Amino acid sequence: MQVSSLNEVKIYSLSAGRSLPEWLSDRKKRALQKKDVDIRRRIELIQDFEMPTVSTKIKVSRDGQYIMAVGTYKPRIRCFDTYQLSQKFERCLDSEVVTFEILSDDYSKIVFLQCGRFVEFHSQHGHYYKTRIPKFGRDFSYHYPSCDLYFVGASSEVYRLNLEQGRFLNSLQTDASESNACDINPVHFLFAMGTAEGKVECWDPRTRNRVGLLDCALSSVTADTEIDGLPSVSSLKFDGALNMAVGTSTGQVLLYDLRSSNPVIVKDHHYGLPIKSIQFQHQLDLIISADCRIIKMWNKDTGKIFTSMEPEYGINDVCLYPNSGMLMTANEAPKMNIYYIPVLGPAPKWCSFLDNLTEELEENPETTVYDDYKFVTRQDLENLGLAHLIGSSLLRAYMHGFFMDIRLYHKAKMMANPFAYEEYRREKIRQKIEETRAQRVQLKKLPKVNKELALKLIEEEGEEQQVTRKRKQKNLPSLLKDDRFKVMFENPDFQVDEQSEEFRLLNPLVSKISEKRKRKLKLLEELEAQEQEEEEEPEGKASDAESSESSDDEKGWVEEVRKQRKLLRQEEKLKRQERFKEDQQTSLKPQFFEIKEGEEFRSFKDSAKKQKLMKKTLGDRLKLEEKLGTLNVCDTTVGSKQATFKLKKSEQQKKQQEAEKQHRQERKTLRRSASHLKSKRGRGRPFH
């Protein structure tokens, strides 16, 4: 179970459990389940609460026993029984579902609006009836008093299908070119539809006449919002008899009181993505709005953010379980997410054990499996001396770096820098001492790091304060007091190097402008030294730095850049001369090289010749070998070329051949001497 907290509101993710890296193999996952008790005890609230690929819509029946979800691929509906905490049935459909509605208290009557203009009815046993509407539908609502289905879509008409008579009725003719969303008020049954032009039309189903028109596109554009095109209405939801929330395609949510044409609150998601779902939470007076990236909960009276959630995958639909703190989402992933927020309400009756479990988790905070792994970049591996492990099973490539075992990382770090802990401890002690010093009453002092930059900022702030006083504007916050830039004046790694080539070329006038600042720095340092010696505040010294320096000696940027370039060239020449002198002073020592066995050393010129030959092209090398006679190239009768060459023998092969020849000659001489002796003996022996 994953726990997140925003604005002191704890959110428990019941579907994710303890997160496991995706690249872990099944064998390693099973091994982790055996070793780790936390992974073995992770919660699977509803068994197989997922879709094969993607889930698009999710709803809860009115009795609260069944949760129904549609998704792909293949297009299907799955019904989950909360009393059994498992799947009850699954039905495959002919085409993808745009949206669906549960007409009964349980799963016995369901209507599906499909992307192929089909409207499909299902009963308890399965498929019941199928019909078709003239244009592609995008949303529909059910009017309970008259048993009418109102369909809106890629047309200016609103199609009505009466389920009691089993036939289409006269459609409602609107002024819109297309409609995206619709809803019916549960109290007085007013029908409202959101158009592609950013308007909301309200109709009375009894008289079939339009009774109101709201221009939401104009109201959604405020001074702070930035839009690229005309906002259209993407979602619509009634709350009680008088409240209505409208979501736009540009990421704004407008809360209306039906007695007024102006919105009460305009809430912007600041992502520019269309609002996909709007829900009302009555216990805390919250509105839950969601686009494909984030779910935001905010107060409907003040607009203040209560909390927010950003799932890993894109959101398609959000469903709030009635009278509880459970929230379910259909998203662009196989697994459907279940969140439990105790602040919103208690757990449902069928999982009342969640209340006790969350209390235990608050006492013992949960950690993730990623604590067992360390993310390192290629530069970190080179610093640790582990670059040779790239490509092995000890490192797993991920994004711009690698995951490695935390135990291996700690061992390598201790070997690379055994005194790292001591340095870290000293740095922490120094920070603690500086924090205690900051609590004392002190004079304004410049920081230890980037003193000139701090002095420049103080001077600019003084000038800006004078300007703002004249213009009666608000003062901007100081960079020196901003916590985001605090490290720049504390950590020596952020020290600006004014002697670097880049700094001098990009800031050619800094040297002249900063002279005045350097003099001030010297004066401040002298004052600080006197304060430390005498422990008394010195009287202010009159510095004639400002009077001595005239403001008329400013020159053009081009001349200053040229001067800086000349200075850089002179410095380079001096460096070269120093290097040349060092080279002359250094005495060359003889170097010894080891020769491999079986090879003779001739000269260094042979190796240089070989390197030159290797740099040449194949054609040039062939020409050289033709001249030497080791290669012969001739044309054949077919038109192709034939090349014959002689292999060069190494010194070891030549020695071996010479030894073999010598051995053969010795054997021949031995054979000849043996045959000569035999012939002599045959002549001297008497004949019997």
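Which strand gives the most to the lining of the largest cavity? Keep that in mind as we walk through this predicted model.

**Stop 1: the cavity**

Start by selecting Thr56, Val70, Gly71, Thr72, Pro75, Arg76, Leu93, Glu96 and Val97, the residues that line the largest cavity. The space inside is about 40 Å³. Searching the whole structure for cavities of 30 Å³ or more turns up one.

Now color your selection by residue type. The lining divides into four nonpolar, three polar and two charged residues.

Next, show residues 66-72 as a cartoon. This is strand β4, and here is the reply to our opening question: β4 gives the most to the lining, with three residues.

**Stop 2: an open sheet**

Leave the cavity and move along the chain to residues 277-281, which make up strand β23. From there, bring in β24, β25 and β26: with β23 they form an open sheet of four strands, in the order β23-β24-β25-β26, with antiparallel pairing. Strands β23 and β26 (305-309) stand at the edges with a single partner strand each, so each has one side without a neighbour in the sheet. As you rotate the view, look at how the strands lie against each other: neighbours in this sheet are turned by 15 degrees on average, direction ignored.

**Stop 3: inside the sheet**

Finally, zoom in on strand β24 (residues 286-290) and strand β25 (residues 295-299), an antiparallel pair joined over five bridges. Which residue of β25 stands opposite Leu286? Select Asn299 to see the partner across from Leu286.

Conventions: Residues are numbered from 1 along each chain as its sequence is written. This is a predicted model: local features need pLDDT of at least 70, side-chain atom pairs count only at pLDDT 80 or more; totals for chains, interfaces and linings use all residues. Side-chain values use heavy atoms; hydrogens and water are left out. On a 1 Å grid over the protein atoms alone, a cavity is a set of points where a 1.4 Å probe fits but cannot get out, and a pocket is an open set with protein on both sides within 12 Å along at least five of seven lines; lining residues have an atom within 4 Å of a point. Grid points are joined across faces, edges and corners, and a volume is the space filled by probe spheres set on the points. Helices (H or I, at least four residues) and strands (E, at least two) are DSSP runs, numbered from the N terminus. Ala, Val, Leu, Ile, Met, Phe, Trp, Tyr, Cys and Pro count as nonpolar, Asp, Glu, Lys and Arg as charged, and the others, Gly among them, as polar. Two strands pair if DSSP finds at least two bridges between them. Axes are lines fitted to C-alpha atoms, for helices over the stretch in contact, and angles run from 0 to 180 degrees between N-to-C directions.
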